[in-house]
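Thank you all for making the time this morning. I would like to walk you through one model, moving from the whole chain to a few side chains, and please stop me if anything is unclear.

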Amino acid sequence: MPATHKPPAQTDHCDPAQIQTQSFRANRPSIAGPDVPEPPYPIPLEGVVQRGFGRANLPDESLPDMVATVEPGVYYGYAQVLPPEGQQSRLRSEDHQVWPMVMSLGWNPFYKNERMTAMIFYGYNMRALVLGYIRPELDYTSREALIEDIEIDKKVALASLARPGYKYTLDPFFSNRNQA
């Protein structure tokens, strides 16, 4: 993707959720975004993870800043999961570290969502810094194609975050909070 902060606009002849094709997959870059995050990134997200559409989602009220700034699609950054305040965690202490993440913002057409969601541990607090855009959201013809693209998304995110300009694991957004 070029060094712009928004994904490319879809053309009038494309459906909002493009159909997955072999040619799209063949031309996917191995790194997404510029060498350092550019506005509007980083975009902070925070909330208690809730059930939604059969998967985990951040609550709607945690999304307005992101929804107002970027288009639906697949994004990368870092995330941290913490237990609800005042509760003991059932997760290992290393599970509370800041980890690379990939997230989908949108309607997730393969799952026929009725409203926009951010897919990301039920009942736990999630903090995420979104640092870049990977690709548009797509409507898949099979679950296997979806899974294959998720695997590619993970590789693209890790390669993108490995660049020197993407070292955000010690960002105050994560470190100035109660730790588990």
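**From the whole chain to single side chains**

Of the 180 residues in the protein, 44% are buried, and I should say straight away that what you have in front of you is a predicted model. The accessible surface of the protein comes to about 9800 Å², and carbon and sulfur atoms account for 55% of that surface. As for the secondary structure, the protein has 4 helices and 9 strands, and if you follow the elements from the N terminus, they run β-α-β-β-β-α-β-β-β-β-β-α-α.

Let me turn to the interior, and to strand 8 in particular. The largest nonpolar core has 18 residues, and those with the most contacts inside it are Leu45, Met66, Tyr75, Met103 and Val130. Strand 2 (43–48), strand 5 (73–82), strand 6 (99–106) and strand 8 (125–135) each supply at least two residues of this core, and the element that gives the most is strand 8, with 4 residues. There is also a second, separate core of 15 residues, which includes Leu129, Ile134, Leu161 and Phe173. As a general point, side chains in a regular strand alternate between the two faces of the sheet.

How many of the residues of strand 8 are buried? The count is 10 of its 11 residues, so that I would describe this strand as mostly covered. As for its pairing, strand 2 and strand 8 are antiparallel and share 6 bridges, with Ile43 standing opposite Val130 of strand 8. Strand 5 also runs antiparallel to strand 8, and here 9 bridges join the two; one position to look at is Tyr75, whose bridge partner in strand 8 is Tyr133.

Val130 deserves a moment of its own. If we set aside its neighbours within four places in sequence, Val130 is in contact with Tyr41, Pro42, Ile43, Leu45, Met66, Tyr75, Tyr76, Gly77, Met101 and Met103.

Next, the aromatic rings. A pair of aromatic rings is described by the distance of the centres and the angle of the planes. The count in this model comes to 3 aromatic pairs, and I will describe two that I have looked at. In Tyr76 and Tyr166 the ring centres are 5.9 Å apart and the planes lie at 45°, so this pair is tilted; both Tyr76 and Tyr166 are buried. In Phe173 and Phe174 the ring centres are 5.3 Å apart and the planes lie at 70°, so this pair is edge-to-face. Phe173 is buried, with a relative accessible area of 12%, and Phe174 is buried as well, with a relative accessible area of 1%.

Finally, I would like to show you an arginine. Is Arg163 buried or exposed? With a relative accessible area of 10%, Arg163 counts as buried, because the cut-off for that word is under 20%. Arg163 sits in the loop between helix 3 (143–161) and helix 4 (172–175). What does its side chain reach? The side chain of Arg163 comes to 2.9 Å from the backbone oxygen of Ala32. Beyond its neighbours within four places in sequence, Arg163 is in contact with Ile31, Ala32, Gly33, Pro34, Asp35 and Tyr76, and Tyr76 is the ring that we have just met in the tilted pair with Tyr166.

Notes
Residues numbered from 1 in each chain as written. Predicted model: local features only at pLDDT ≥ 70, side-chain atom pairs only at ≥ 80, totals over all residues. Heavy atoms only, no water. Buried < 20%, exposed > 50% of the residue type's maximum accessible area, 1.4 Å probe, protein only. Areas by Shrake-Rupley, 256 points an atom, 1.4 Å probe, with all protein chains shown as cover. Phe/Tyr/Trp six-rings, centres within 6.5 Å; stacked < 30°, edge-to-face > 60°. Polar contact = N/O pair within 3.5 Å; in protein donor to acceptor, adjacent residues only side chain to side chain. Contact = heavy atoms within 4.5 Å. Core = buried A, V, L, I, M, F, W, Y, C linked by side-chain atoms within 4.5 Å. Pairing = 2+ DSSP bridges.
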